[in-house]
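I opened this entry to keep a record of what I looked up, in the order in which I looked.

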Protein chains: 2
Amino acid sequence: MRAVLYLAGPDVFLPDAREVGRRKRELCREAGFEGLFPLDNDAEIHASPGRIFAANCALMRRATVGVCNLTPFRGPGADPGTAFEMGFMFAQGKPVFGYTADCRLYRQRVPGTPRSAHEPPRDPDGYLIEDFDLIDNLMLTRAADESGGRLMAVAGSSSPGAGTDLAAFEAFSACLAAIATLLGDRAGA
Amino acid sequence: MRAVLYLAGPDVFLPDAREVGRRKRELCREAGFEGLFPLDNDAEIHASPGRIFAANCALMRRATVGVCNLTPFRGPGADPGTAFEMGFMFAQGKPVFGYTADCRLYRQRVPGTPRSAHEPPRDPDGYLIEDFDLIDNLMLTRAADESGGRLMAVAGSSSPGAGTDLAAFEAFSACLAAIATLLGDRAGA
């Protein structure tokens with residue numbers, strides 16, 4: 001049975017969100033998967049928050065795998081909406097994958113006090129900075145491992161004119177390859 | 001049966017996280033609930049990410065209600081770890097509540113282009129700003145409503161020396177009152 005991937009991510013906020021969604025779904029097809037992008041349901045775009053929420057939940061329930069764009073959005077970490085969806089799919093017992101165009105560890109993204117054996121690093125507000133060798137909050141990153149998924153961090157060749165690489169196509173492609181390997185392993189097991 | 005509340009939030013990153021957790025659990029007790037705070041499991045604090053993850057998931061599975069501190073953390077929106085846990089508990093079919101000390105709507109927290117009937121507001125990077133009358137990403141905020149929970153935004157009287165009110169005790173107390181009302185309604189129904 002063909003895997004159905006829910007493509008969570010802040011991609012929906014990009015100026016060219018529809019085109020990004022189209023290309024990511026195309027890459028899924030080429031890899032032998034069906035990709036579900038939140039904007040697929042065009043009728044819902046201008047709908048109420050309640051209808052968009054219901055449409056996204058329906059897509060997540062239909063999907064068999066979560067593929068989450070964890071590239072930092074308006075801060076050093078993942079988009080909270082994406083994190084919510086990752087938790088939703090993890091709780092359903094589905095494998096969740098994460099990918100990011102930002103290869104730095106989380107602690108490297110947040111300015112803070114120096115590392116020490118006695119004190120955890122803290123940001124200028126005094127808040128603790130998670131000091132693990134992880135690319136984001138441990139709940140998100142561990143969910144990938146615990147569910148049988150993977151995390152892929154691949155720096156993108158940013159497109160001309162784009163300040164950041166929020167779509168993270170290179171990391172996304174690496175993630176699809178990892179999913180193909182995992183599902184191949186499973187099918188062959 | 002006494003409701004068991006999982007107290008998700010970036011509180012765990014506060015310099016006085018243990019004390020905040022102790023006070024929140026005490027407030028739960030006074031309201032007739034049992035509160036589970038991620039730091040409760042002291043043995044796990046210095047443990048590996050995998051053990052912390054497993055301990056938090058065990059607490060979430062034991063809890064009957066999610067209570068999520070959505071006060072903005074390192075950006076205009078909720079802590080991604082908290083958002084993950086909200087999605088996890090929502091997917092389990094449990095009521096999820098949110099509270100925040102920041103009463104602004106999400107679009108008021110992000111500098112952007114003026115509102116217009118034709119174009120959604122965009123931030124300086126060109127990314128769309130969700131333009132609903134909601135205090136955070138629609139997935140999080142709708143989950144509260146759809147699950148039978150509530151959102152409580154109450155500005156805190158920030159403590160001396162504290163730049164922000166990340167613990168959001170006033171909003172937390174309002175949230176506990178809302179939970180008591182909801183569960184009372186249910187018990188009486």
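How many salt bridges does a search of the whole structure find over all chains? I found 25 over all chains, a salt bridge being a side-chain nitrogen of Lys or Arg within 4 Å of a carboxyl oxygen of Asp or Glu.

Before going further I noted the ground rules: this is a predicted model, in which local features need pLDDT of at least 70 and side-chain atom pairs count only at pLDDT 80 or more, while totals for chains, interfaces and linings use all residues. Residues are numbered from 1 along each chain as its sequence is written, chains are lettered from A and ligands numbered from 1 in the order in which they are written, and side-chain values use heavy atoms, with hydrogens and water left out.

**Chain A, overall**

I counted six helices and five strands in chain A, taking helices (H or I, at least four residues) and strands (E, at least two) as DSSP runs numbered from the N terminus. Their order from the N terminus is β-α-β-α-β-α-β-α-α-β-α. Of the 189 residues in chain A, 56% are buried, where buried means under 20% relative accessible area, exposed over 50% and partly exposed in between (1.4 Å probe, protein chains only). Looking at contacts (heavy atoms within 4.5 Å), I noted that among those in chain A with a separation of 6 or more, 71% are between residues 24 or more positions apart.

**The two copies**

I laid chain B on chain A and got an RMSD of 0.0 Å with a turn of 180° and a shift of 0.0 Å along the axis, the superposition being by least squares on the C-alpha atoms of residues with pLDDT of at least 70 in both. That is the relation of a two-fold axis. The contact takes 49 residues from each side, chain B and chain A, and 100% of the interface residues of chain B are also interface residues in chain A, so the copies meet through the same surface.

Together the chains bury about 3900 Å², 71% of it on carbon and sulfur atoms; buried area here is the accessible area (1.4 Å probe) that two parts lose on being put together, summed over both. On the chain B side, B:Arg74, B:Tyr127 and B:Met139 lose the most area to chain A, together 21% of what that side buries.

I then asked which contacts cross the interface, and the rule finds two salt bridges as well as ten residue pairs in polar contact. A polar contact is a pair of N or O atoms within 3.5 Å; within protein, one must be able to donate a hydrogen and the other to accept it, and residues adjacent in sequence count only if both atoms are side-chain atoms. Helix H3 (80-91) of chain B is one of the helices that each supply at least two residues of the side touching chain A, and H3(B) gives the largest share, ten residues.

**Individual salt bridges**

One bridge between the chains joins B:Asp123 and A:Arg74 at 2.9 Å, N to O. This pair runs from the loop between H4 and H5 of chain B to the loop between strand E3 (65-69) and H3 of chain A, and both residues are buried.

Within chain A, I found A:Arg107 and A:Asp133 bridged at 3.0 Å, N to O, with A:Arg107 in helix H4 (residues 106-109) and A:Asp133 in the loop between H4 and H5, 26 residues apart. A:Arg107 counts as buried at 15% relative accessibility, whereas A:Asp133 counts as exposed at 60%. Both belong to a network of salt bridges that also links A:Arg115 and A:Asp131.

**Helix H5 of chain A**

Which part of the structure do the buried residues of H5(A) pack against? They pack against helix H3 (80-91), E4 and strand E5 (151-153) of chain A, together with H2 and H3 of chain B. Among these buried residues I listed A:Leu138, A:Met139 and A:Leu140. At the N-terminal end of H5(A), A:Asn137 acts as a cap, with a side-chain oxygen 2.8 Å from the backbone nitrogen of A:Met139. Just after H5(A), I noted that A:Gly148 takes a positive phi of about 90°.

**A:Thr100**

Last, I looked up A:Thr100 in strand E4 (residues 96-100) of chain A, which counts as buried at 1% relative accessibility. A polar atom of the A:Thr100 side chain lies 2.9 Å from the backbone nitrogen of A:Asp102.
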